[in-house]
Amino acid sequence: MIYIGGTMYKIIFSDIDRTLAVNGVITDENIKAIRDYVSLGNKFVLVSGRTINYTSNISKKVGASNYIICNNGSVVYDYLNKKIIYENKIKRETLLGIFNIAKKYDARCIFGGTDITYTNKIKYKDLELEI
């Protein structure tokens, strides 16, 4: 349970990829369960390693909370009020150093920004979820 503005809520946090979505699909059964849970006054918060835009869109489509946790936990965002509640950024110099090490060892490196994902290589097609 969690208190928000003095009101106590039951809350569930769920990852998207390979948890809520299996093989890139969130089933109608899962969507109905989320909506039924939320209709009882509970909170269902999506958590993802993906960007604000991606996680917000999925949250809206399944009827989850307007609060999301994304970018591997580095951002907590309220998409209804378009407000970042919490963020923990990696310094630009650190990111450049990691990219240089990845380049040296011919390794793939992926970082999520607020609304975009950066990578030094693309080795697979990023599948979008079907809802």
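# Report on a predicted single-chain model

Of the contacts in the chain with a separation of 6 or more, 42% are accounted for by residues 24 or more positions apart. The model described here is predicted, and its chain averages a pLDDT of 87, with 91% of the residues scoring at least 70. Over residues 124-131, however, the pLDDT is below 50, although this stretch has 23 contacts in the model beyond near neighbours in sequence. Where pLDDT is low, the predicted coordinates should not be read in detail.

## Overall architecture

The chain contains 3 helices and 9 strands. Read from the N terminus, the order of the elements is β-β-β-α-β-α-β-β-β-α-β-β. Taken along the principal axes, the box filled by the C-alpha atoms is roughly 55 × 35 × 20 Å. The chain has 131 residues, of which 31% are buried.

## Helix α2 and its surroundings

Helix α2 spans residues 52-62. Its buried residues are Ile-52, Tyr-54, Thr-55, Ser-56, Ile-58, Ser-59 and Val-62. These buried residues pack against one helix, α1, and against the strands β4, β5, β6 and β7. Gly-63 follows α2 and has a positive phi, near 80°.

Val-62, one of the buried residues of α2, also allows a comparison of sequence and space. Ile-90 and Val-62 are separated by 28 residues in sequence and by 31 Å in space, C-alpha to C-alpha. Ile-90 belongs to the loop between β7 and α3 and, at 48% relative accessibility, is partly exposed.

## Salt bridges

Side chains of opposite charge can pair when their charged atoms come close. A search of the whole structure finds 2 salt bridges. The table gives the partners and the separation of the closest N and O atoms.

| Salt bridge | Closest N and O atoms |
|---|---|
| Arg-50 with Asp-17 | 2.8 Å |
| Lys-32 with Asp-36 | 2.6 Å |

What does the salt bridge between Arg-50 and Asp-17 tie together? Arg-50 lies in the loop between β4 (43-47) and α2, and Asp-17 in the loop between β3 (11-15) and α1 (28-39), so the pair ties together parts that are 33 residues apart in sequence. Arg-50 and Asp-17 are both buried.

The salt bridge of Lys-32 with Asp-36 is placed within a helix. Both residues belong to α1, where they are 4 residues apart and thus separated by about one helical turn. An α-helix has 3.6 residues a turn, so residues three or four places apart point the same way. Are these partners buried or exposed? Lys-32 is exposed, with a relative accessible area of 52%, whereas Asp-36 counts as partly exposed at 35% relative accessibility.

## The second largest pocket

Rolling a probe the size of a water molecule over the atoms shows where empty space is left. The second largest pocket holds about 170 Å³ of space. Its lining consists of Ile-2, Ile-4, Ile-11, Phe-13, Lys-43, Val-45, Ser-65, Tyr-67, Ile-68, Ile-69, Val-76 and Ile-85.

Which element gives the most to the lining of the second largest pocket? That element is β5, with 3 residues. At least two lining residues come from each of β1 (2-4), β3, β4 and β5 (67-70). By class, the lining has 10 nonpolar, 1 polar and 1 charged residues.

## Positive phi values in two loops

Most residues other than glycine have a negative phi, and most peptide bonds are trans. Asn-71 is not a glycine, yet its phi is positive, about 50°. This residue is placed in the loop between β5 and β6 (75-78). At 7% relative accessibility, Asn-71 counts as buried.

Asp-106 likewise has a positive phi in a residue other than glycine, with a value near 55°. The loop that holds Asp-106 runs between α3 (92-104) and β8 (110-112). With a relative accessibility of 53%, Asp-106 counts as exposed. Thus Asn-71 is buried, while Asp-106 is exposed.

Technical notes:
Residues are numbered from 1 along each chain as its sequence is written. Side-chain values use heavy atoms; hydrogens and water are left out. pLDDT is the predictor's confidence in each residue, from 0 to 100. Contact means heavy atoms within 4.5 Å. A salt bridge is a side-chain nitrogen of Lys or Arg within 4 Å of a carboxyl oxygen of Asp or Glu. Buried means under 20% relative accessible area, exposed over 50%, partly exposed in between (1.4 Å probe, protein chains only). On a 1 Å grid over the protein atoms alone, a cavity is a set of points where a 1.4 Å probe fits but cannot get out, and a pocket is an open set with protein on both sides within 12 Å along at least five of seven lines; lining residues have an atom within 4 Å of a point. Grid points are joined across faces, edges and corners, and a volume is the space filled by probe spheres set on the points. Ala, Val, Leu, Ile, Met, Phe, Trp, Tyr, Cys and Pro count as nonpolar, Asp, Glu, Lys and Arg as charged, and the others, Gly among them, as polar.
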